[in-house]
Amino acid sequence: MRDVSKSYTNGGTVLALKEVNFEVGKDEFVCIIGPSGCGKSTLLRIIAGLDQSFSGQVLFQGNRISRPSSRITMVFQTFALLPWKTTLENVQIPLEVNDVGRAEARERALRYLTMVHLNGFEDAYPHDLSGGMKQRVGLARALALNPDVLLLDEPFSSLDELTAKDLRVQLLKILSDPTLPTNDFLMITHNVEEAVMMADRVVVLSPRPGRVLGELRVDVPRPRFEHLRDPKFFDTVDRLMEMLSSDPSA
Ligand SMILES: Nc1ncnc2c1ncn2[C@@H]1O[C@H](COP(=O)(O)OP(=O)(O)OP(=O)(O)O)[C@@H](O)[C@H]1O
Ligand SMILES: [Mg+2]
């Protein structure tokens, strides 16, 4: 992202993002943290190609992102499943929309549902699933498209803390599988510990209008859920908290 600014106009004008600059490298897991309403979802929607009305540049492998594509897919905070479709259909239909033949789409959907431990629930409808299960469907749906980049918009914040804790560990295991074709991840969160647990690098945004206050490489050994009491873990959390409370105009 180069100098990306974005304002919303309906009635008044709200500046949501101000001159945002950052990069995600190959094979990198980057987290963006920032306070509520600072423009995090706006930023992800722009990267996903869902919003074209901004200033500055958003480049993917050197090219402008001009529309949604199966190369960059998203996991949504509130799951965004089709309630009248089964678990299997929710994963399979986007594949068919992206020109994967029906038989292969079905096979791939089943494979990714197994990957997220939902075998046996292929014919269930979203309302029969728990929040954690719904989010695993969302994850299977986004990964089955074999994107280069996976975007995650606060994927755990609609879940109770125990479910979230469990799913963070599962997600890290799934995403670190060497056979998975997707290796670049950009996740948004307002939970600093979560960012330190998951990311290679954390980018910190200011309150609205969101701008980059700084970034930090996370130097805690993986798997981090085994190092939650490591002083390096706390130190990284502290440094990010300091950045979050720094004055963007200073
Ligand atoms: N469609 C819209 N029209 C007008 N204002 C909007 C629109 N979408 C977002 N905004 C405003 O832009 C700002 C940034 O919104 P955004 O949803 O990107 O923030 P966020 O960081 O994702 O918030 P949260 O932490 O609550 O998820 C907010 O002040 C919001 O009210
Ligand atoms: Mg948001």
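In this predicted model, an oxygen atom of ligand 1 sits 3.1 Å from a polar backbone atom of Cys-38. The next residue to look at is Gly-39, which has a backbone N or O atom 3.0 Å from an oxygen atom of ligand 1. A side chain also takes part: a polar side-chain atom of Arg-208 is 2.8 Å from an oxygen atom of the ligand. Taken alone, ligand 1 exposes 640 Å², and the protein buries 65% of that.

The shell around ligand 1 can now be drawn in full. It is made up of Tyr-8, Asn-10, Ala-16, Ser-36, Gly-37, Cys-38, Gly-39, Lys-40, Ser-41, Thr-42, Glu-154 and Arg-208. Sorted by class, these are three nonpolar, six polar and three charged residues. Two elements, β1 (2-10) and α1 (40-47), each supply at least two residues of this shell. Of the contributors, α1 gives the most, with three residues.

Away from the ligand, consider the nonpolar side chains. In soluble globular proteins, nonpolar side chains tend to be buried together. In this model the largest nonpolar core has 55 residues, and those with the most contacts inside it are Phe-29, Leu-139, Leu-150, Leu-175 and Leu-240. Leu-139 serves as an example: not counting residues up to four places away in sequence, Leu-139 touches Val-75, Val-116, Leu-150, Leu-152, Leu-171 and Ile-174. Apart from this core lies another, of 25 residues, including Ile-32, Cys-38, Ala-48 and Leu-205. Cys-38 thus links two parts of this account, as it is also listed in the shell around ligand 1.

Two single residues complete the tour. Thr-189 is found in strand β9 (residues 184-189). Is Thr-189 buried or exposed? Its relative accessibility is 2%, so Thr-189 counts as buried, the limit for buried being under 20%. Leaving aside neighbours within four places in sequence, Thr-189 is in contact with Cys-31, Ile-32, Ile-33, Gly-34, Lys-40, Glu-154, Glu-194 and Ala-195. Among these contacts, Lys-40 and Glu-154 also belong to the shell around ligand 1. A polar atom of the Thr-189 side chain lies 2.8 Å from the backbone nitrogen of Asn-191.

Asn-119 lies in the loop between α3 (102-115) and α4 (131-144). With a relative accessible area of 45%, Asn-119 is partly exposed. Beyond its neighbours within four places in sequence, Asn-119 is in contact with Leu-113 and Thr-114. Asn-119 and Trp-84 are 35 residues apart in sequence, and their C-alpha atoms are 19 Å apart in space.

Note on methods
Residues are numbered from 1 along each chain as its sequence is written. Chains are lettered from A and ligands numbered from 1 in the order in which they are written. This is a predicted model: local features need pLDDT of at least 70, side-chain atom pairs count only at pLDDT 80 or more; totals for chains, interfaces and linings use all residues. Side-chain values use heavy atoms; hydrogens and water are left out. A residue is near a molecule or strand if one of its heavy atoms lies within 4 Å of it. A polar contact is a pair of N or O atoms within 3.5 Å; within protein, one must be able to donate a hydrogen and the other to accept it, and residues adjacent in sequence count only if both atoms are side-chain atoms. Accessible areas come from the Shrake-Rupley method with a 1.4 Å probe; for residues, only the protein chains shown count as cover. Helices (H or I, at least four residues) and strands (E, at least two) are DSSP runs, numbered from the N terminus. Ala, Val, Leu, Ile, Met, Phe, Trp, Tyr, Cys and Pro count as nonpolar, Asp, Glu, Lys and Arg as charged, and the others, Gly among them, as polar. A nonpolar core is a set of buried Ala, Val, Leu, Ile, Met, Phe, Trp, Tyr and Cys residues joined through side-chain atoms within 4.5 Å. Buried means under 20% relative accessible area, exposed over 50%, partly exposed in between (1.4 Å probe, protein chains only). Contact means heavy atoms within 4.5 Å.
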